[in-house]
Amino acid sequence: MATTVAVMSQKGGTGKTTTVRTLTDVMRRVGVDVLAVDLDPQGNLSDYFDVPADADPTVADVLAGQAKALDAIHEDVLPANLSLAESELILSGKMGREMTLRRALREAGKRYQLILIDCPPSLGLLTVNALVAADYALISSEAEYFSLQGVEQALEVVDLAKESLNPDLEWLGVVLNIADLRTVHGREAQVSLTERFPEQVFKAPIRRSVAYAESAERGVSILDHRPDLGADYLALAGEVLDRLGWKDERTRLNALG
Ligand SMILES: Nc1ncnc2c1ncn2[C@@H]1O[C@H](COP(=O)(O)OP(=O)(O)OP(=O)(O)O)[C@@H](O)[C@H]1O
Ligand SMILES: [Mg+2]
């Protein structure tokens, strides 16, 4: 069965989608079979992976019970578009609404080693569905002073989901994302986040660079567009593999870097 990781944050624009996209790239390069799930009506992850805009069915149809996940996967991506906003509304009135994604991914879970879920920028029903479907939550946070509260809230939601809906859920860690370590503020934020969440925060921050916007625009992974920056994601992936206890993949990753 696949190990499932939900990538989440309490607010928008923290680099979640870029993290899912790039970790998917790294993991595939070390031979892991990855399914990337877009659970955001914005559909950014689907765009990143060049899934055609008219792809049909999508994760919305899967959550509505109108399609099987396996039939909605396009080249190892389960895409989303705006119709997901509507299915979230429909879902909210249903029994077992928090379990829907978990059930829907059960079959697909047999085909993959890792499932990465890109959550929308809120802690609503879609993110709860991701947390119920997941073994681990990976929290993305900008390295800013006010991020302390956001990480706190995200970890609380993980705890709540664990207590009430998914006892097996664990946090995988907190990635300090889009970090501007050239400024005093950025470095101080890194220090205070690391002091406050010493076990959770990954040692490898993802540095801020305009190259990410270029890489998204050109549809080229940051690993190829700017390997010097991609090194941040190789380091993060290394820590993720360590926390998952995947030793062979870790060895292959070392050979990549
Ligand atoms: N390390 C980085 N440095 C600079 N810009 C980045 C970095 N990572 C991502 N970005 C850019 O920041 C913007 C937001 O990134 P992304 O879409 O990954 O965040 P998100 O958390 O998924 O956003 P949303 O909450 O809207 O889904 C994008 O324009 C992306 O190209
Ligand atoms: Mg996103």
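A pocket is taken here as an open set of points, on a 1 Å grid over the protein atoms alone, where a 1.4 Å probe fits and which has protein on both sides within 12 Å along at least five of seven lines, its lining residues having an atom within 4 Å of a point. The volume of a pocket is the space filled by probe spheres set on the points, which are joined across faces, edges and corners. The model is predicted, so that local features need pLDDT of at least 70 and side-chain atom pairs count only at pLDDT 80 or more, whereas totals for chains, interfaces and linings use all residues. Residues are numbered from 1 along each chain as its sequence is written, and side-chain values use heavy atoms, with hydrogens and water left out.

The largest pocket holds about 310 Å³ of space, and among the 20 residues of its lining, Thr14, Gly15, Lys16, Thr18 and Ile178 lie nearest its centre. The second largest pocket holds about 240 Å³; its lining comprises 13 residues, of which Met1, Thr4, Arg102, Ala133 and Asp135 are the closest to its centre.

The largest nonpolar core, a set of buried (under 20% relative accessible area, 1.4 Å probe, protein chains only) Ala, Val, Leu, Ile, Met, Phe, Trp, Tyr and Cys residues joined through side-chain atoms within 4.5 Å, has 47 residues, and those with the most contacts inside it are Leu35, Leu78, Leu105, Ile117 and Leu131. Apart from this core lies another, of 35 residues, including Met27, Val30, Leu244 and Leu253.

Terms used
Chains lettered and ligands numbered in written order. Buried < 20%, exposed > 50% of the residue type's maximum accessible area, 1.4 Å probe, protein only.
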